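Me: I would like to go through some of the labels attached to this structure and ask what each of them rests on. Please set the values against the cut-offs as we go.

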Amino acid sequence: MTEEVKRNYLEINSLQDLIEGNKPSEDYSLSLIDPINFQLNKFFYKTIGKNHRWIDRLSWSEEKWINYVSNKSVRSYVFKFKDDLVGFFELIFHPEKNETEIAYFGILEEYQNKKLGSYLLSEAIKKSFQNTVNRVWVHTCSLDHKNALNNYIARGMKIFKTEILNI
């Protein structure tokens, strides 16, 4: 039995086009995961991804995780409320194309639907443009959180490609 999934690719071409979400309070913080910690990336991927069928990395070995997060083009950020983990995003800088991809982005279930995604996405876009790129892009699909697509559009991103997949 197959399921039809709609995937949308979105982009923003200038930081001036960003419509920022508000920082929820000073109790929230965002920081680069430094030093790298593949276990943190893996935790967010598995925990957030379980509800959205993120499966491509489930078979990754420890070595593959370490190699991925050690890549100089990959930057991972963690979002916290005081000392509690809230969410994360991974950015991949593609210098040959002068663009940054928001590879993974998500908020843990207990922090969802609290208007945190708009702030976190705003920060992901701002961090992406720190590489002095011409474009920041992401893809999302109908399996992702119900507010994902609307959040990307509300931040100023525009759909540039749509496809239907049968999985």
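**Labels and their grounds**

Reply: Let us begin with glutamate 123, which lies in helix 3; bear in mind throughout that the model is a predicted one.

Me: Why is glutamate 123 counted as buried?

Reply: The relative accessibility of glutamate 123 is 12%, and buried means under 20%, so glutamate 123 counts as buried.

Me: What makes the pairing of glutamate 123 and lysine 126 a polar contact?

Reply: The side chains of these two residues, glutamate 123 and lysine 126, are joined at 2.8 Å, and a polar contact requires a pair of N or O atoms within 3.5 Å, so the distance satisfies the cut-off.

Me: How do you know that glutamate 101, which is buried, has no salt bridge?

Reply: Glutamate 101 is found in strand 5, and its nearest side chain of opposite charge, that of arginine 57, is 7.6 Å away. A salt bridge needs a side-chain nitrogen of Lys or Arg within 4 Å of a carboxyl oxygen of Asp or Glu, and glutamate 101 has none. The side chain of glutamate 101 does, however, make a polar contact of 3.1 Å with the side chain of histidine 94.

Me: Why is glutamate 110 called exposed, and where does it lie?

Reply: Glutamate 110 lies in the loop between strand 5 (99–107) and helix 3 (117–129). Its relative accessible area is 52%, and exposed means over 50%, so the label applies to glutamate 110. Together with Asp83, Asp84 and Glu109, Glu110 belongs to a patch of negative charge on the surface.

Me: What makes arginine 53 and asparagine 98 partly exposed?

Reply: Arginine 53 has a relative accessible area of 45%, and asparagine 98 has one of 24%. Partly exposed covers what is in between the buried limit of 20% and the exposed limit of 50%, so both residues take that label. As for their places, arginine 53 is in the loop between helix 1 and helix 2 (62–70), while asparagine 98 is in the loop between strand 4 (84–94) and strand 5.

Me: What is the phi of arginine 53, and what is that of asparagine 98?

Reply: Arginine 53 has a positive phi of about 60° although it is not a glycine, and asparagine 98, which is not a glycine either, has a positive phi of about 55°.

Notes: Residues numbered from 1 in each chain as written. Predicted model: local features only at pLDDT ≥ 70, side-chain atom pairs only at ≥ 80, totals over all residues. Heavy atoms only, no water. Patch = residues over 30% accessible without salt bridge, like charges linked within 9 Å, V, L, I, M, F, W, Y side chains within 5 Å. Areas by Shrake-Rupley, 256 points an atom, 1.4 Å probe, with all protein chains shown as cover. Lys, Arg positive; Asp, Glu negative; His and termini not counted. Charge placed at Lys NZ, Arg CZ, Asp CG, Glu CD. Helix = DSSP H or I, 4+ residues; strand = E, 2+ residues; numbered from the N terminus. Buried < 20%, exposed > 50% of the residue type's maximum accessible area, 1.4 Å probe, protein only. Polar contact = N/O pair within 3.5 Å; in protein donor to acceptor, adjacent residues only side chain to side chain.
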